[in-house]
Amino acid sequence: VVEKSGAGSLTLRLIGLDAASGKEIVNTEVFRIGSAEPIIEKNSRASPTPIVDGDRVYVHFGADGTAALTTSGQMIWSARLRYDSQHGNGGSPVLYRDLLIVNCDGWGDEAYVVALDTKTGKARWKTSRRRPWSHAYSTPLVIRVGDEDQVVSVGAYRTVAYEPLTGKEIWRVSYG
């Protein structure tokens with residue numbers, strides 16, 4: 001959730017509701033953004049879907065930050081994935097074993113796919129997109145092909161499959 005706070009800044013929050021009553025049980029500020037520039041009206045800084053895994057919640061606010069919290073709202077780790085998301089992020093992360101995999105398709109000088117360690121938030125692998133690149137708004141998809149898993153990642157100009165544990169490219173399909 002995005003909320004305005006004092007002096008024109010925004011807070012990015014994890015909000016949890018009790019399923020039976022609808023009562024708010026968690027409301028934690030995850031990131032504060034000072035003087036945030038507006039993004040396109042059809043998007044929000046909180047568009048990506050959180051992931052709940054056991055007692056952990058993983059939230060992704062695009063280039064504004066990614067974090068792991070407990071289901072009671074205690075911060076475990078946070079990370080900033082730098083890229084220029086022209087209209088805000090539209091893709092959610094995906095969980096694969098102990099990795100949180102995120103598409104970071106920027107408009108500016110960098111586009112990549114990264115796998116963060118779910119325990120620490122540190123990058124275990126980061127694979128740059130091939131040029132040319134542009135902004136894209138997709139969620140990685142884990143598929144099984146034969147006896148191997150693949151992370152399929154749709155970006156601008158191409159779709160690529162990566163080895164989920166290493167980030168090594170398996171195949172790609174290019175388009176205009």
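**Aromatic pairs in the predicted model**

The structure holds four aromatic pairs. It is a predicted model. Two of the pairs are described below, together with the burial of their residues and a charge placed over one ring.

**Tyr58 and Trp77**

- The ring centres of Tyr58 and Trp77 are 6.4 Å apart, and their planes meet at 45°, so this pair is tilted.
- The pair links distant parts of the chain, with the two positions 19 residues apart in numbering: Tyr58 belongs to strand S5 (residues 56-60) and Trp77 to strand S7 (residues 75-79).
- Tyr58 has a relative accessibility of 3% and therefore counts as buried, the cut-off being under 20%.
- Trp77 also counts as buried, because its relative accessibility is 5%.

**Tyr83 and Tyr112**

- The rings of Tyr83 and Tyr112 have centres 6.3 Å apart and planes at 85°, so the pair is edge-to-face; that class requires an angle over 60 degrees.
- Tyr83 is located in the loop between S7 and strand S8 (94-96), while Tyr112 is in strand S10 (residues 111-117), so the pair ties together parts that are 29 residues apart in sequence.
- Tyr83 counts as buried because its relative accessibility is 11%.
- Tyr112 is buried as well, with a relative accessible area of 2%.

**A charge over the ring of Tyr112**

- Besides pairing with Tyr83, Tyr112 has Lys126 over the face of its ring.
- The distance from Lys126 to the ring centre of Tyr112 is 4.2 Å.

Note on methods: Residues numbered from 1 in each chain as written. Predicted model: local features only at pLDDT ≥ 70, side-chain atom pairs only at ≥ 80, totals over all residues. Heavy atoms only, no water. Phe/Tyr/Trp six-rings, centres within 6.5 Å; stacked < 30°, edge-to-face > 60°. Helix = DSSP H or I, 4+ residues; strand = E, 2+ residues; numbered from the N terminus. Buried < 20%, exposed > 50% of the residue type's maximum accessible area, 1.4 Å probe, protein only. Lys NZ or Arg CZ within 6 Å of the ring centre and 35° of its normal.
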